[in-house]
Amino acid sequence: MLFVPLEQAEEVNCGREKPKPLILRANAGEWIEVTLHNMFDKPVLYHDYPSVPLDMEHCPSDRVSLSPQFLKRCPVCDAGVNVGYNKPEQTVAPGECIRYLWYADKEYGTCMLNSFGDLRNQRYHGLFGAIIIEPPAAKHYSSFIGRKENFSEQAVITAPGVKTFREFVLFAHNGIRLLDYEGNLIKTAQQSEDAGHGGVDHEDTGEKGYNYRSERFFNRLKRVPVIECSVQRLTVTLQRRFYRHIQVNVSLSAI
């Protein structure tokens, strides 16, 4: 599950562009209008891993929304959250779209974006992002070239009265339901029913990654080339007071 700029959706679906979390940029004092299209084309399946406390099997929702931190918005129409009997509907079904209008009243920096269509399941599968609120009248550059799109993980930011700076956006993501190359589920840490105190916490189940990139260190170990005679035994003679000699065996591995 991904939030993707509409003009990049086909490239990402075809594998011609590597996916990354959604990154938006706007300036303090600006209004932000976002149109969210739900392009789910198949049912969302229930998975019991990664686990959460007091979970029960249910049918995950295929509705999505987009809700920002901090930004000013109408709580009834543009918050991306259904609360009580508020109308209108703030999530969107597959094949439909919805518009949100937000206002950046000051320079917040990073504001997280989440979907409240199904918070239990969608965040585990990567449905999140961020909107970066830059200084007023800021412009975004790639090195020294101005850019119109503002979805990149890094950018050079210039603004009146502000020292030019380079910006990097890094998401630390845990609780990932990660499959290996053969489609097998990876369970580095798994919660057991009789774990009790000292067992694995639910919050520690699932894998971890940065900006959707997650490579297990174990896989790197399997790619280390085999080196013959990688272990050598050395005999070291140490001389101590009273001229006593002690022999020490040290094992070295060349990796």
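These questions and answers walk through salt bridges and one strand in a predicted model.

Trainee: How many salt bridges does the structure hold?
Mentor: Side chains of opposite charge can pair when their charged atoms come close. Here the cut-off is a nitrogen of Lys or Arg within 4 Å of a carboxyl oxygen of Asp or Glu. The count for this structure is six.

Trainee: Which residue forms a salt bridge with Arg16, and how far apart are the closest N and O atoms?
Mentor: Arg16 carries the nitrogen, so the partner must bring a carboxyl oxygen from Asp or Glu. That partner is Glu11, and the closest N and O atoms are apart by 3.0 Å.

Trainee: Is Arg16 buried, partly exposed or exposed?
Mentor: Exposed means over 50% relative accessible area. Its partner Glu11, at 28%, counts as partly exposed. Arg16 has 53% relative accessibility, so Arg16 counts as exposed.

Trainee: How many residues apart are Glu89 and Arg63?
Mentor: Glu89 forms a salt bridge with Arg63, with 3.9 Å between the closest N and O atoms. Glu89 sits in the loop between β4 and β5, and Arg63 in the loop between β2 and β3. The pair thus links distant parts of the chain, and its separation is 26 residues.

Trainee: What is the relative accessible area of Arg63?
Mentor: Glu89, on the other side of the bridge, is partly exposed at 42%. Partly exposed lies between the cut-offs of 20% and 50%. Arg63 is partly exposed too, with a relative accessible area of 27%.

Trainee: Where is Arg213, the residue that forms a salt bridge with Glu153?
Mentor: The closest N and O atoms of Glu153 and Arg213 are 3.6 Å apart. The two are 60 residues apart, with Glu153 in the loop between β9 and β10. Arg213 is in the loop between β13 and α3.

Trainee: Which residues are linked with Arg25 in a network of salt bridges?
Mentor: Arg25 is the Arg of this network, so its bridges need carboxyl oxygens from Asp or Glu. The residues linked with Arg25 are Glu134 and Glu167.

Trainee: Which residues make up the covered face of β2?
Mentor: In a regular strand the side chains alternate between the two faces of the sheet. In β2, the uncovered face has Trp31, Glu33, Thr35 and His37. The covered face has Ile32, Val34 and Leu36.

Trainee: Which residue in β5 stands opposite Thr35?
Mentor: β2 and β5 run antiparallel. Seven bridges join them. Opposite Thr35, in β5, stands Arg99.

Methods:
Residues numbered from 1 in each chain as written. Predicted model: local features only at pLDDT ≥ 70, side-chain atom pairs only at ≥ 80, totals over all residues. Heavy atoms only, no water. Salt bridge = Lys/Arg side-chain N within 4 Å of Asp/Glu carboxyl O. Buried < 20%, exposed > 50% of the residue type's maximum accessible area, 1.4 Å probe, protein only. Helix = DSSP H or I, 4+ residues; strand = E, 2+ residues; numbered from the N terminus. Pairing = 2+ DSSP bridges.
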